[in-house]
Amino acid sequence: MQDNKVDVVTLGESMILFQSYNQGALQYEPLFTKSLAGAESNVAIGLSRLGKKVRWVGRLGSDPFGDLVLTTLAGEGVDVSHALRDPEAPTAVYFKDFKRCGDPAVYYYRKGSAASRLAPDMIDETWLQGAGHLHVTGITPALGEHTAAAVRKLMELAREKGLTVSFDPNLRRKLWSEEQARETLLSLIPLCDIFMPGDEEAEFLLGPQEIEAYGRAFLDMGPKVVAMKLGAEGSIGFTQETVVRADPFPVERLIDTVGAGDAFASGLLSVLLDRREELSTGLGEESLHEALCRANLLGSMATQFKGDWEGLPTLAEVRTIQGGQKQVTR
Ligand code: ADP
């Protein structure tokens, strides 16, 4: 990076994903593709492709998979100069099967990973240097009590330093108990400015309610903007002043829904970060609608390819698609 200004810092665990090449049960699959995975690094790549300067921070093993995480992110223009390496614990891996229908099942091998050893005393102020915004998810706090404390500390530090903060609960039921998840995720909401739950996550956190009641309840906890993902129905945004619905962007060929939420976050943040002034004075309806439409577009695109981030668009591609033009490919 040429100057020290960074639009977004994100902290999280990045792993290596082995995805079965053929459709069918994982145990019979002889071939796997290998790639980078991790909710926060997905968002980092998404934002970088949309022209934002992004710094990813996380802990990796001193192993070839840790090297692969760094080279992939650096290749996408993401600043990885603050990443930490653990000489003893490994970079995590996980496996994903490729089903004929429905969401693919994932199997994590991340217990005891370098990232899961993150602790509050490792949080370093320099991670936030020159940055305007911090993005975190509920996955890191799910890795252990010390990782939860570390995320809380970083969110508090970011607020103290005047950064805006976004938080995607990214509920991972496989990683912690329902009680722990609910209590911890709810306790982190007051530390963010932009909260982006899915409708099912909202129900998990607050119990069954009308969609609009979720929006009001989350706003009352502190965030200035609540952007709720509604899957194939698109999304709905809430501020104290307004409620805005955004239609979904059509999906021509649904391939893999994993990563849609991260893509949504990249799209949403890419617009909201250009409206930082408005965020502090009160985000207008038009800006919120534009952010949700961009988020829906990215979410829809993410469902149409196999990897979590590989097919995410550049800003030029987004403008072409939103302008209704056909891309000239040859
Ligand atoms: P998550 O990955 O967090 O479960 P969702 O499945 O709600 O997130 O998807 C995130 C966003 O991606 C949705 O709000 C929507 O904008 C877009 N999206 C997901 N699935 C579809 C779909 N089938 N058709 C159109 N858009 C979709």
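**View 1. Gly 231 and its neighbours at the ligand.** In this predicted model, a backbone N or O atom of Gly 231 sits 3.0 Å from an oxygen atom of the ligand. Leu 230 also takes part through its backbone: one of its polar backbone atoms is 3.5 Å from a ligand oxygen. Asn 296 uses its side chain instead, placing a polar atom 2.8 Å from an oxygen of the ligand. How much of the ligand does the protein bury? On its own the ligand exposes 550 Å², and the protein buries 79% of that.

**View 2. The shell around the ligand.** Zoom out a little and you'll find 16 residues around the ligand. Those that come nearest are Gly 231, Gly 234, Val 251, Gly 261 and Asn 296. Sorted by class, the shell has eight nonpolar residues, seven polar ones and one charged one. Which helices each give at least two residues to this shell? They are α8, covering 260-272, and α10, covering 285-302.

**View 3. The sheet of eight strands.** Here's an open sheet with mixed pairing, and its strands follow the order β4-β1-β9-β10-β11-β12-β13-β14. At the edges you'll see β4 (54-57) and β14 (243-246), each pairing on one side only.

**View 4. Where β1 meets β4.** Strand β1, made of residues 6-11, runs parallel to β4, and four bridges join the two. To pick out one bridge, start at Val 9 and look across to Arg 55, its partner in β4.

**View 5. A helix lying across the strands.** Helix α7 spans residues 211-220. Which strands does helix α7 lie across? There are β11 (194-195), β12 (225-229), β13 (235-238) and β14, and the helix runs at about 145° to β12.

**View 6. The sheet of four strands.** This one is an open sheet too, with the order β3-β2-β7-β8 and mixed pairing. Why do β3 and β8 each have one side without a neighbour in the sheet? Both β3 (32-37) and β8 (106-109) stand at the edges with a single partner strand each, so one side is left without a neighbour. Ignoring direction, neighbouring strands of this sheet are turned by 25° against each other on average.

**View 7. Strand β7 and its two partners.** Let's stay in that sheet and follow β7, residues 93-96, which pairs with β8 in the antiparallel sense over four bridges. Across this pairing, Phe 95 stands opposite Tyr 107 of β8, and Tyr 94 stands opposite Tyr 108 of β8. Strand β2 (residues 15-20) is joined to β7 by four bridges as well, but these two strands run parallel. Look for Ile 16, which stands opposite Val 93 in β7. In general, the strands of a sheet pair through backbone hydrogen bonds, either parallel or antiparallel.

Terms used
Residues are numbered from 1 along each chain as its sequence is written. This is a predicted model: local features need pLDDT of at least 70, side-chain atom pairs count only at pLDDT 80 or more; totals for chains, interfaces and linings use all residues. Side-chain values use heavy atoms; hydrogens and water are left out. A residue is near a molecule or strand if one of its heavy atoms lies within 4 Å of it. A polar contact is a pair of N or O atoms within 3.5 Å; within protein, one must be able to donate a hydrogen and the other to accept it, and residues adjacent in sequence count only if both atoms are side-chain atoms. Accessible areas come from the Shrake-Rupley method with a 1.4 Å probe; for residues, only the protein chains shown count as cover. Ala, Val, Leu, Ile, Met, Phe, Trp, Tyr, Cys and Pro count as nonpolar, Asp, Glu, Lys and Arg as charged, and the others, Gly among them, as polar. Two strands pair if DSSP finds at least two bridges between them. Contact means heavy atoms within 4.5 Å. Axes are lines fitted to C-alpha atoms, for helices over the stretch in contact, and angles run from 0 to 180 degrees between N-to-C directions.
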